[in-house]
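Let's take a walk through this protein together, one feature at a time. Keep the viewer open and turn the model as you read.

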Amino acid sequence: MATDIKDTSHAVDAAAVMRLLPARPRLLALGEPTHGEDALLDLRNELFRQLVEQEGYRTIAIESDCMMGLVVDDYVTSGTGTLDEVMEQGISHGWGISAANRELVRWMRAYNVRADNDDRPTSERLRFAGFDGPLEITHAASPRQALTALHGHLSTRVDADLLPCTADTLDRLLGADDRWTDPAAMMDPSQSTGQSAEAGQLRLLADDLAALLDAQTPHLTTATSRDDRDRARLYGRTALGLLRYHYWMADTSPARMTRLVGLRDQMMAHNLLALAERGPALIHAHNGHLQRNKSTMRMGGMPLEWWSAGALVSAQLGEEYAFVATALGTIRHQGVDTPPPDTVEGLLYALPEDRCVIDAPRLAAALGDTRPAPRVSPWFGYSPLDPAHLADGDGIVFVKDVPRS
């Protein structure tokens, strides 16, 4: 058995990952089983550099606020702002302080500037995107930024009579942003403004604005750049997604949290499908957002089950979506010690390499019908592999030991 597993293992590089796949995918998803570890992000950065240089990839998208990500994209494509400002304002979840994330953004900007100090041609530039919604586990953003940006885009490009409302009407209906962002609403639906009369009107207006954007496509195709059109579509998706999310935050049914986690991944999926039109792109997020099988978690003692962004995108793109999970042996500074030998991680830990790429379907076949026991993590922030779904991925990147960042 050990020999069979070793036969599925290769050194970690882009070429080894691509050999696992039938063709170059439009979206290559690299998952991680935990957040905040620079060793895993350094590995992501290294793979992205190789994909750029060897496979023609030009975009990386990470599990970060899609609206904030525009700040990073402006910096890497045209040098807008400073690196310090961009790391503070362009990456959500507190991950802008990561040294590995900073190095990724710095390298992308440096790549986009040629030796003569001119920016590379647009078609050759590296692009950055966040593909998460403007959401945190504790609250959701106000729809103001996305909704007013969409209205502003249309108001300067189409007949004013076609607009469903004025900017002042949007401002009045939105009210104070802290009505939308109150963290108490995550646990107490009565504190949410998402099912108020004003929120209902905003959902209708957002739908009308998005429909107007779609109806004006022939005109906007000639009057605006591809980037401007892509951003306007992002504004529309985000405004509608946030208003839908806030509506269900005010729900009192037993399905409330299941709907919310599902809506978040649906917003992610819509952003990924839009990126696929521009592809190819490397996608990086938690394994649970990128896997093809259903995602599960417990929140407040309640089991939740929903389709992840990866499952939704895979259903649309087929072989043009690829998923490589990351698994690991130890995170000793978080109390995650050597994996038991009867787990998948334990079997991989016995391999001699510190890092390797595993052919997941071949590994599943080598293990046969008798799958290893699921690993149990002593730390809530780390999610082990599910042995029952090994064959659902295209590959596994295994990192033996994760040092403290």
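To compare helices we need axes: each axis is a line fitted to C-alpha atoms over the stretch in contact, and the angle between two of them runs from 0 to 180 degrees between N-to-C directions. Please keep in mind that what you see is a predicted model.

With that in hand, look at helix H3 (residues 38-55) and helix H6 (residues 99-112), whose axes lie 8 Å apart and meet at an angle of about 20°. Angles under 35 degrees count as roughly parallel, and H3 and H6 are therefore roughly parallel to each other. The crossing of H3 past H6 is right-handed. On the H3 side, the contact is made by Asp38, Leu41, Asp42, Arg44, Asn45, Phe48, Arg49, Val52 and Glu53, and on the H6 side by Ala99, Ala100, Asn101, Leu104, Trp107, Met108 and Tyr111. Sorted by class, the residues in this contact of H3 with H6 are nine nonpolar, two polar and five charged. As you look along these helices, one general point may help: an α-helix has 3.6 residues a turn, so residues three or four places apart point the same way.

Now turn to another helix pair. The axes of H7 (144-155) and H8 (167-174) are 10 Å apart, and the packing angle is about 170°. That angle makes H7 roughly antiparallel to H8. Arg144, Leu147, Thr148 and His151 come from H7, and they meet Ala167, Leu170, Asp171 and Leu174 of H8. This contact of H7 with H8 holds four nonpolar, two polar and two charged residues.

Next, let's follow the charges. Side chains of opposite charge can pair when their charged atoms come close. How many salt bridges does a search of the whole structure find? The search finds 21.

Start with Asp74 and Arg231, which form a salt bridge with their closest N and O atoms 2.7 Å apart. Asp74 sits in helix H4 (residues 69-78) and Arg231 in helix H13 (residues 226-249), so this pair ties together parts that are 157 residues apart in sequence. Is Asp74 buried or exposed? Asp74 falls between the two: its relative accessibility is 26%, so it counts as partly exposed.

A second salt bridge that involves H13 joins Arg157 to Asp228, with 3.9 Å between the closest N and O atoms. This pair also links distant parts of the chain, since Arg157 is in the loop between H7 and H8 while Asp228 is in H13, 71 residues apart. Arg157 has a relative accessibility of 27% and so counts as partly exposed. Asp228, at 32%, is likewise partly exposed.

Further along H13 you will find Arg233, whose side chain meets that of Glu277 in a salt bridge (3.1 Å, N to O). Glu277 belongs to helix H14 (residues 256-278), and the two partners, Arg233 in H13 and Glu277 in H14, are 44 residues apart. Both are partly exposed, Arg233 with a relative accessible area of 34% and Glu277 with 46%. Salt bridges that share partners also build one network from Asp73, Asp74, Arg127, Asp227 and Arg231.

From here, move to helix H16 (residues 309-317), which holds Ser314. Buried means under 20% relative accessible area, so Ser314, at 14%, counts as buried. Leaving aside residues up to four places away in sequence, Ser314 touches Arg292 and Tyr321. The buried residues of H16 are Ala309, Gly310, Ala311, Val313, Ser314 and Leu317. What do these buried residues pack against? Their partners are strand E2 (27-32), H14, helix H15 (287-290) and strand E8 (321-330). After H16 comes Gly318, which has a positive phi near 60°.

Finally, a look at the backbone. Most residues other than glycine have a negative phi, and most peptide bonds are trans. Between Gly279 and Pro280 the peptide bond is cis, with omega about 0°. Pro280 is in the loop between H14 and strand E5 (281-286). His93, a residue other than glycine, has a positive phi near 65°. You can find His93 in the loop between helix H5 (83-89) and H6, and H6 is the helix that packs with H3.

Key: Residues numbered from 1 in each chain as written. Predicted model: local features only at pLDDT ≥ 70, side-chain atom pairs only at ≥ 80, totals over all residues. Heavy atoms only, no water. Helix = DSSP H or I, 4+ residues; strand = E, 2+ residues; numbered from the N terminus. Parallel < 35°, antiparallel > 145°, perpendicular 65-115°, else oblique. Left-handed = near helix turned anticlockwise from the far one by under 90°. Contact = heavy atoms within 4.5 Å. Nonpolar A, V, L, I, M, F, W, Y, C, P; charged D, E, K, R; others polar. Salt bridge = Lys/Arg side-chain N within 4 Å of Asp/Glu carboxyl O. Buried < 20%, exposed > 50% of the residue type's maximum accessible area, 1.4 Å probe, protein only.
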